[in-house]
Amino acid sequence: MRSTIISSVAALALTATGALADGKITVITSFPDSMTGPIEAAFEAAHPDYDLEILNKKTSAGVKYIQEIAGDNTADIFWASAPDAFEVLKTNDLLASVEVASDGIPDKIGAYPLNDPAGYYYGFAGAGYGIMWNERYLKANELVPAKEWSDLAKAEYHGHVGMSAPSRSGTTHLTVETLLQGDGWNAGWAKWKRIAGNFSTVTERSFGVPDGVNTGNFGLGIVIDFFGFSSKASGFPVDFAYPTVTALVPANVAVVKNAPNEKGAITFIEYLLTPEGQAVLLDPAIMRLPINPKTYATAPEGFPNPFEDETIGATVEFDVEKSGARYNVVNSMFDVMITYRLDDLRAAVGAIQKAEAAVAESGNAEAQKLIDEAWALIDANPIDEARSLDPDFAAIFTKKRKKADDEVGQRQAEVEQEWDAFVVENYRKARELADKAASL
Amino acid sequence: MERAGIKIEDVHLSFGETKVLKGVNLEIKPGEFFAFLGPSGSGKSTLLRAIAGFGPTPQGSIRIGGRDVVKLSPWTRNVGMVFQSYALWPHMSVRENVGFGLKERKMPARQIRPKVDAALELVGLQRLAERMPNQLSGGQQQRIALARTIVVEPEVLLLDEPLSNLDASLRVQMRRELLRLQRQLGLTTIFVTHDQEEANTTSDRMAVLDGGVIQQIGTPQELYDQPANLFVARFLGTANILKGRVESYGDQARFVTATGDSLSLSGSTPSEGGNIVLRPQNIQISREAGRNALPGKVLHKEFLGSQIRYLVEAGGTEIVVDQSHSSGVDWYEVGADVHLLANTDNAVVL
Amino acid sequence: MSYSSPPPAKRQAGLADRLPGWLVPHLSGLHIAALLIALLLVGLLLVPVAQVMIVAFQDPATGAATLQNFVDFFRTSLFRESFWNSFYVSAMSVVVATAIALPLAYITTRFTFSGSILIQSLGFIPLIMPPFVGAVAMQLIFGRNGTVNLLLRDWFGIGIPFMEGLNGVILVQSIHYFPFILINLSASLRNIDRSMEEAAQNLGSHGIRLFRRVVFPLAMPGYIAGAALVFIKVFDDLGTPLLLNVNNMLAPQAFLRISSIGISDPMGYVISVILVVFSILSLWTSFLFMRGKEYATVQKGGGGMARRELKPIEKAMAYGVVVLILLLVLSPHIGLLLLSFGTIWSYAPLPDGYTLANYVTMWENSKTYILNTVLYAGVAATLDVIIGTAIAYIVIRTRIFGRQGLDYLATAALAVPGVVLGIGYLRTFHSIDVPLVDKPLASWWVIIALALMVRRLPYALRACTAALQQVSLALEEAAESLGATKRRTIQKIVVPLMTGGILAGFVTSFATAAVELSATIMLVSSNNDAPLSYGIYLFMQTPSGRGAGAALGIVAVVVVAIGTIASQIIIERDKKLRASGEQR
């Protein structure tokens, strides 16, 4: 007790001079100010001898940053949503394995294990992907909200949907991977490409999606739940719903290897898991799902409770290892097939949708055959699942020289050029077939 | 080439609140070489620019060959102007500069070329056709500017201080060339200058301007010999002006100075006014008194080679006297008491 | 930076042995200054950029030197397309920026037009808004469901795709960067002697033809200088395409590849090299084009600058054009203002309601950002004008060996994209610890100021060079003949006479540094060290923070705008003083 008083006095004195060297915890996070702010305030109130230094970076940039500074690490905590990002850091041996006291926290949220079995990172909140929409936009365009992922592929939503790229947003990657695991590799990609055919845009940041829906730039967005909840809480005319196939995944926190203040880092993580720490998650600007079931007692009316409502996020058993093994392959495929060729894809899918509408009236069987062929071209994948999981193939996308004589067969640029040629040609042909079908 | 006269009637012009031209009336005959002479700020350039159509629109009328141009835009007037700075466009070659006006008149390229060559030949610079302006000397630039203007065959040629950027010897040569060209083409030409020598040597007639008003119009000799007012007298050459009054006795008249000395006037001299104008060369300096003599004292003397110029205090003012110099001639020291003998035959009373 | 640095002096002596003898005895204070500046530029520009560029020439698998990556670049159709898109967007931005800048420059310089100074100052303002903030505001106004399109659809049932794909990038970039053309073109137009135009009118030319054949060619050097800057800036710019979600351009491709998880693919670095090389090439081409075309057209005996009177109808039309253009170029600011005072703005021509709450939130949370910005931009701009003045003096007034190299090196910073510099700094300075602070240099706040300094040095250098060129050498010689040393002469004569230009350089550097994001986003190591633009960026990452971010943006614009207009007035006054001094 006495030591606490002394240190808090010391902390006070040091705060005045602006140093506070011992109690400083440097946090690299992808979470926005509106989320870190309240948590920081609550934590510093509970532990006045510590001072959180928040450094906001996008998940991917944060990972890159930790990799860059690894030689002389200055960061204590990495704090972000996407479990895969933690997997990447863990694989790169950039995280510390630590023991953390966590009373009353279950092992799983939905079907997803909360913590890394080896203690490299810990879940502190839950989040699931879903569909967010702008009420005014839908009303003006005479649309109804999409309930399921597959609804987004319907012709009526053409040009009205927005999403972020998995290579840019860790949580988006999870959504993409969830669907690939839920529907299977080929069917999953086919569904993504058909949905992407309705995209208005692929945003560069994950926040670009809720932002686009909030402003009404596009009508529906594929977003993580808290963006939907907090946008609604901020007063925007938007709403959010979980589709049946979604993964509830934990948002995580980890101690960076060789952290200058490892003790402080552990204290912070432990605080996040206490009932007080969990309660902060229900702040209107944050709106993340607490992982302590008791905290839901104080949640606002209508706030989903995954520990009671079994329909949320239970369908897919998420395989973290599988996801980690092909992390970069999936990102690269999404970019090559969708992000960079969105115009071609959108035009092709639009043409097919038009042809389908024409066939629905005429019932022309020949046209229907052409349409089926066109869809097959859109759906076609440049590589199969086995190849995506082949470690040698994945290495092309992760090559980080470990030894000078490490040889990699192909270069990423080469592979991507092959895929690009493949999809561009397929989209072009599909569009031709669809145009032909429409003219029959 | 068509010769046009210019008739300027009651032209007023102001820059904002400042009146620059105050009722100018002037007629220039076709083919005449006419000079506007005046100190800076007299309005001579403004008047020239008004004829060309630059600057604020004046009140009154300016007729060129019978056509009132006051309301016309500069590009429709067909007057050629050579600018003081030459205004050769640095991004065009000599040929392009000279051919510019013809191209503006939509003349086909194959007709432009011989015309440009002819104009360049006229100014003697055909060999420089492909040069850029910054590769030319001042005199060459001047001639190109002239060629550029005359090639479009304007009704009137306006020259704004065309010689002021040249050095002294080139200036004399260029003004002769200008005169030759003007005579050859027979163009009605107005030449603006503040240098009376330039105006005297080139122009058929000239107008002296001051304060936005024409002071006098006439041939150079008329203006020198018969200045209409003190300004003209002072502005052209050196003038000694003595204050006093004219006293008449029948057909005899004499001018009594402020100091009470009297000078008899010849019959032909106008005898109204309180000033008498004596040119330095019409005064003799002597140790003895005589007819029409003014007593005075030498204040200063300058040896000018062919002449000696004395400054003598006499008749209530300081008088400049020029004595031609030849070896052995008497010298008058500073401080010497002398008499000035005035030849009043050429004097003017104003 | 101390003057007692023997190693460079020694190295100079070693170098001097191989140089002509005249150099050695002249090792004056100016030489030492030149050497220090050269070392600074090498350390803060060349080395970091080389650190990034070298990766492009390494085999990713073995680390051996190779050109294979470049072969891959040109074999990949996506990259070829990105290259072409970048080129197309840059060229079109120059065209659109010209369409915006030309009427403003012509009307304000060649006619008596009240409010010319105001228009010129307002024309500068787009430059001082972070382009990504402009993009947000432009989306709200010109976006697919922005104010203009919602109204158009309501009234006429049509929509105009201002912001779709590359169009959006072109529009935002043109509006952001046209001031470069405006400033340079205006200066050139002001220098055209009245008689140049009058001579053409006298020979029958007028209107558009007169402008096309005489006025514009004469203003060409200024125009090219501005257009080249716009071209390079757009070619390198990252923030705007990223914010508009346009990926098929070079800079975003480089960024996406360098900053994505795990992708250590060399392509990002290859693109960086291509960006740098292409920018330097464009700069060089523009220099070549301008060589020998610096017409000093204000001539002896010329009429000076002519401002023509406009007829009432012409005046009305001119005001119409100016107001329209100003509305367009200030639309990001108008959008931002509405956003900052708005409550919720969603799928509607205007916000639902108005409030001051955003400013309250902003004020509570962003004092640090504002202070940091003033500190960083202040340090950067101060160093910029000091170094800029020194380089200008060394280049123009001395014959020090390699002085042109100094000029080129400082100017080359223009061609280095902010991201490349940022990554280079991280790589170069991370392993250097700052004594006393006990931090790597890369995460010390000073490095942000230094990065800003290097990025903005070319602007300050141009301004200082122009100012020095107007100081007659005779004034210096007069001081020296009266016994003043070189140092005293520079202090007492040269610098005071350059004040106007130095101030202009300071303001340009300060204003643009204050809104810089691309290099700082890589270098900010803690939110407490973040400058304003980064603060806006953070605010804008949350649904509830958009209004507050906009409010912070407005504060930035207002602060910098006041500074700009004030300095503009000081410069005008200085010019008048100088002009009246010359007449006597």
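In the predicted model, the buried residues of helix α3 of chain B are covered by elements that include α2 (94–104) and α4 (138–150) of chain B. The residues of α3(B) that are buried are B:Val116, B:Ala119 and B:Leu120. Viewed down the helix axis, these buried residues fall within an arc of 95 degrees, and they therefore line one face of α3(B). The other side of α3(B) carries the exposed residues B:Arg110, B:Gln111, B:Pro114 and B:Glu121. The length of the helix was also examined: α3(B) comprises 14 residues (109–122), which at 1.5 Å a residue should span 20 Å, and the computed separation of its end C-alpha atoms, 20 Å, agrees with this expectation. Just after α3(B), B:Gly124 adopts a positive phi of about 75 degrees.

Positive phi values also occur in chain B at residues other than glycine. B:Lys106, for which phi is near 60 degrees, lies in the loop between α2 and α3 of chain B. B:Lys106 counts as exposed, because 7 C-beta neighbours are found inside 10 Å, and the criterion for exposure is 12 or fewer. B:Glu161 likewise has a positive phi, near 40 degrees, and is placed in the loop between β7 (156–160) and α5 (168–185) of chain B. With 22 C-beta neighbours inside 10 Å, however, B:Glu161 counts as buried, since the criterion for burial is 20 or more.

Two sheets of chain B were analysed. One is an open sheet of five strands in the order β13-β12-β11-β14-β20 (chain B), with antiparallel pairing. Its edges are formed by β13 (262–265) and β20 (348–349) of chain B; each has a single partner strand, so one side of each is left without a neighbour in the sheet. Within this sheet, β11 (residues 240–249) and β14 (residues 275–278) of chain B run antiparallel and are joined by four bridges. Across this pairing, B:Leu242 stands opposite B:Ile276 in β14(B).

The other is an open sheet, also built from five strands with antiparallel pairing, in the order β15-β19-β16-β17-β18 (chain B). Here β15 (283–286) and β18 (317–324) of chain B occupy the edges, and because each has a single partner strand, one side of each lacks a neighbour in the sheet. From one strand to the next, the twist averages 45 degrees. The edge strand β18(B) is joined to β17 (residues 307–314) of chain B by eight bridges, and the two run antiparallel. In this pairing, B:Ile308 has B:Gln323 of β18(B) as its bridge partner.

At the level of chains, two pairs touch, and the pair with the most contacts is that of chains A and C. Chains A and B, by contrast, do not touch, their nearest C-alpha atoms being 46 Å apart. Between chains B and C, 23 residues of chain B are in contact with 22 residues of chain C. On the side of chain B that touches chain C, the elements giving two or more residues are β6 (79–82) and α2 of chain B. The largest share of this side, three residues, comes from α2(B). By residue class, the side of chain B that touches chain C divides into 12 nonpolar, eight polar and three charged residues. Helix α2(B) thus appears in two settings: among the elements covering the buried residues of α3(B), and on the side of chain B that touches chain C.

Key. Residues numbered from 1 in each chain as written. Chains lettered and ligands numbered in written order. Predicted model: local features only at pLDDT ≥ 70, side-chain atom pairs only at ≥ 80, totals over all residues. Contact = placed C-beta atoms within 7 Å. Pairing = 2+ DSSP bridges. Expected span 1.5 Å × (residues − 1). Arc of directions from axis to C-beta. Nonpolar A, V, L, I, M, F, W, Y, C, P; charged D, E, K, R; others polar. Axes fitted to C-alpha atoms, helices over the stretch in contact; angles between N-to-C directions.
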